[in-house]
Amino acid sequence: MSVKKIVLRCLILTVIAWLCAFGAFYLGFLESLENVTYDDRMIRTSKYVRPSEDVCVVLLDQASLDWGYEEFGWSWPWPRSAYGDLVRFFDAGDAASVTFDVLFTEPSFYGADDDKNFQQACDDFGKVIQTVFFDREKGNTDGWLENAPTPLIEISPGVFDKVPVIPSEDKALFPISELAGSAAIMGNINSFPDADGVIRRATLGRQWNGSFIPTLGVASLFLEEQESDREVPYVLEPYSGEESQLLRFPRDGVEGYAPYSIAHILQSYYAYQNGKEGVLLPSDFENQHIIFGYFAPGLFDICATPVDSAFPGVGVHIVQLDNILTSRFLHKTSLGVSALLLLFLGLLGVVPVTLAEMYPSKRHSLITSIVYFILSGVLYYVLSYVIFHAGVVVPVVPGLLALGIGFAFALIVGYRQEGRQRRYLKSAFKQYLSPVVIEDLIAHPERLRLGGERRRISIYFSDVQGFTSISENLDPASLTSLLNDYLSEMSDIILQSGGTIDKYEGDAIIAFWNAPVEQENHSVRALEAAVACQERLAELRPELEKRAGRPFYMRIGLNTGDAVVGNMGSRNRFDYTMLGDAVNLAARLEGLNKQFGTYCMCTEESKKEAERYGTVLAFRELGRAAVVGKSEAVTIFEPMSARVYQERQEIYKIFDTALQLFYQGDFVSAITEFEKIKDKDVTAVKYIEKCKVLQSTWSDMSTWKGVWVATEK
């Protein structure tokens, strides 16, 4: 497949992965899983959250209840004068505000004077925030309480366009008239949980009957700006226009703010009134935002948050105020940015498999692609925590889904394509290449391109002796059957040794080793395959001669040298073949066997290289020969098994002595030695004939170099 088509397929698969992941993300199918990862990110990064020093938490806890009862005999509920004294203490210290996360919906159990005491303290301070709650069942009024402070902001276009609207049928639940009238501002305490009931966000406020009521946690900030001309307090401007803000919870919850017990505050106030120095001084709380709530068992409401399934409700308001003062809100990536991120991750999932297909090599194997995929997923997951700490929330589960779908689709489609290519290559080349070579081509399909490379190879040429006479005596069907059986047997041996069959030319087999797959011991493979072919032919000879009606022998020529190997031909039709002088020499040696009376010969290059890599074969030197078309002589050898060499060792010793005399030009003595073995060695007979010819034709022995000059191909 062309690079252009692979890239196009890559883009299509990326879009498919993106559509699946973004569709699931947009439709909310992944919300539950995403919430799990969100909560884990919150928990793991919460240890880095440091509470604001401008937020002070005061709690009525069990220790305070015990102290009140022991010191003053207060049972539950406490007198409201205690809360009035709380306000007076912070008034004396010029605190920024005091917020009560308590609904005082009923008159005091201790009488009207008790409520007036609390009211007076709130009026004197002028910066107390009381709560209002909206509910269809628990609410008690359809309109704004007459005594309650007027809502600060009328809804203006563009300022709070996305502020949630409280249904008009919901009723409001206010504090008693006296306390509502003494409040500087009312804060809404309606929660904003997600679908799974976990509170991960808070609103700046809500609309009710056309008015904006700030959330309790941020009401004090509106209070600071109520006398200015600004529509929105400056600390809230980054969040106006948003429906809700994601809260960053500290690991230790409310306890992380080192809350004060109201008992300690009151003890310090009463000491202050008597001119004594208490544990705490009012001035310690100058310009601080005070939030008061219940924290005794059975008194406070609990809710689920990412860091705690039983989180005090007052803690949500504390965290919201803290986040704004420290600019620590989390921001989700916009829909557009999320879509682009998922598209990128889909592409990231497709790319490893695509690279493996475009550039097949060990660096881009399937294992490598899987490692790339896993590392990409892990890296994205880790980065989501890092940028979460920085305040940005990215879609983790949809992102991993896009990455996974992209990788899976690319893998499936790639394997289907590879399967088709694998089947094609195996079908096309199984008769010519070894399984190892075919697998290499499958792994490197780019090698099936027009062009070649220079490489050192071992070359094999074989031909059947007298095949023309055999073919003349057989009908076409018998000849074809005979030839197919012979070629199959020889080809199996060549392929099993890792050889590549270049081509068949009638009865001839042309093959080579060390291409396209590199084989360090290619000369060993070639020579041992040649000897194995001769041994197998010896086993088959009785049957083949019976079918052929004539002797059935094969001549083989082998050489090792540099050649150009590659796909050669036209752009539409080409063969994987070889070219070069080394190839021509091997072809000439195949024919030279006839002149030496042998059936297998190789060059000295093949012999030396095979011995260097530990061949088990033995060799006898045949002579120095100059093949047709070449003036330079090469030393040629006959390869054989060690067993055959051992059996004929005495014959070869005599032959070698005669050969040395031939090299010296002493033809008479050489003939004498060759005569000793002429009945046992055909090559000796051929040398006797050659010596006799040279005796009569070679007159100037000073020019003799001991070379057998071939007279025919």
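1. Which side chains meet in a salt bridge with 2.6 Å from N to O? In this predicted model, the partners are Arg 456 and Glu 605. Arg 456 belongs to strand β17 (residues 451-464) and Glu 605 to helix α18 (residues 604-612), so the pair ties together parts that lie 149 residues apart in sequence. Arg 456 is partly exposed, because its relative accessible area of 29% falls between the limits for buried and exposed, and Glu 605 is likewise partly exposed, with a relative accessible area of 42%.

2. A further pair to look at is the salt bridge between Asp 681 and Arg 620, whose closest N and O atoms are 2.8 Å apart. Asp 681 sits in the loop between α21 (667-675) and α22 (682-697), while Arg 620 is part of strand β23 (residues 618-626), so this pair ties together parts that are 61 residues apart in sequence. Both Asp 681 and Arg 620 are buried.

3. Within a single helix, the side chains of Glu 647 and Arg 643 also meet in a salt bridge, at 3.2 Å from N to O. Both residues lie in helix α19 (residues 642-647), where they are four residues apart, about one turn of the helix. Glu 647 counts as exposed, because its relative accessibility of 58% is over 50%. Elsewhere, salt bridges that share partners join Asp 39, Asp 194, Asp 196, Arg 200 and Arg 201 into one network, and the structure as a whole holds 29 salt bridges.

4. Where is Arg 328 found? Arg 328 is in the loop between α9 (313-325) and β15 (331-332), and it counts as buried because its relative accessibility of 17% is under 20%. When residues up to four places away in sequence are not counted, Arg 328 touches Val 49, Arg 50, Pro 51, Ser 52, Arg 248, Asp 322 and Asn 323.

5. The largest nonpolar core has 43 residues, and those with the most contacts inside it are Leu 236, Ile 318 and Ile 324. At least two residues of this core are supplied by each of α2 (31-45), β1, β3 (128-135), α7 (216-224) and α9. With its neighbours within four places in sequence left aside, Ile 318 is in contact with Val 55, Val 57, Val 254, Tyr 257 and Ile 291. A second, separate core has 39 residues, including Leu 483, Ile 509, Ala 530 and Phe 619.

6. Helix α8 (residues 262-273) has 12 residues and reaches 16 Å from its first C-alpha to its last, which is close to the 16 Å expected at 1.5 Å a residue. The buried residues of α8 are Ile 262, Ala 263, Ile 265, Leu 266, Ser 268, Tyr 269, Tyr 270 and Ala 271, and they pack against β1 (55-60), α3 (62-72), α4 (80-92), β11 (260-261) and β12 (289-294). After α8 comes Gly 275, whose phi is positive, near 75°.

7. On empty space inside the model, the count comes to three cavities of 30 Å³ or more, and the largest cavity has a volume of about 50 Å³. This largest cavity is lined by 10 residues, of which Trp 144, Pro 149, Pro 151, Ile 185 and Met 186 are the closest to its centre. Strands β6 (185-188) and β9 (211-214) each supply at least two residues of the lining, and the largest share, three residues, comes from β9.

How values were computed
Residues are numbered from 1 along each chain as its sequence is written. This is a predicted model: local features need pLDDT of at least 70, side-chain atom pairs count only at pLDDT 80 or more; totals for chains, interfaces and linings use all residues. Side-chain values use heavy atoms; hydrogens and water are left out. The expected span of a helix is 1.5 Å times one less than its number of residues. Buried means under 20% relative accessible area, exposed over 50%, partly exposed in between (1.4 Å probe, protein chains only). Contact means heavy atoms within 4.5 Å. A salt bridge is a side-chain nitrogen of Lys or Arg within 4 Å of a carboxyl oxygen of Asp or Glu. A nonpolar core is a set of buried Ala, Val, Leu, Ile, Met, Phe, Trp, Tyr and Cys residues joined through side-chain atoms within 4.5 Å. On a 1 Å grid over the protein atoms alone, a cavity is a set of points where a 1.4 Å probe fits but cannot get out, and a pocket is an open set with protein on both sides within 12 Å along at least five of seven lines; lining residues have an atom within 4 Å of a point. Grid points are joined across faces, edges and corners, and a volume is the space filled by probe spheres set on the points.
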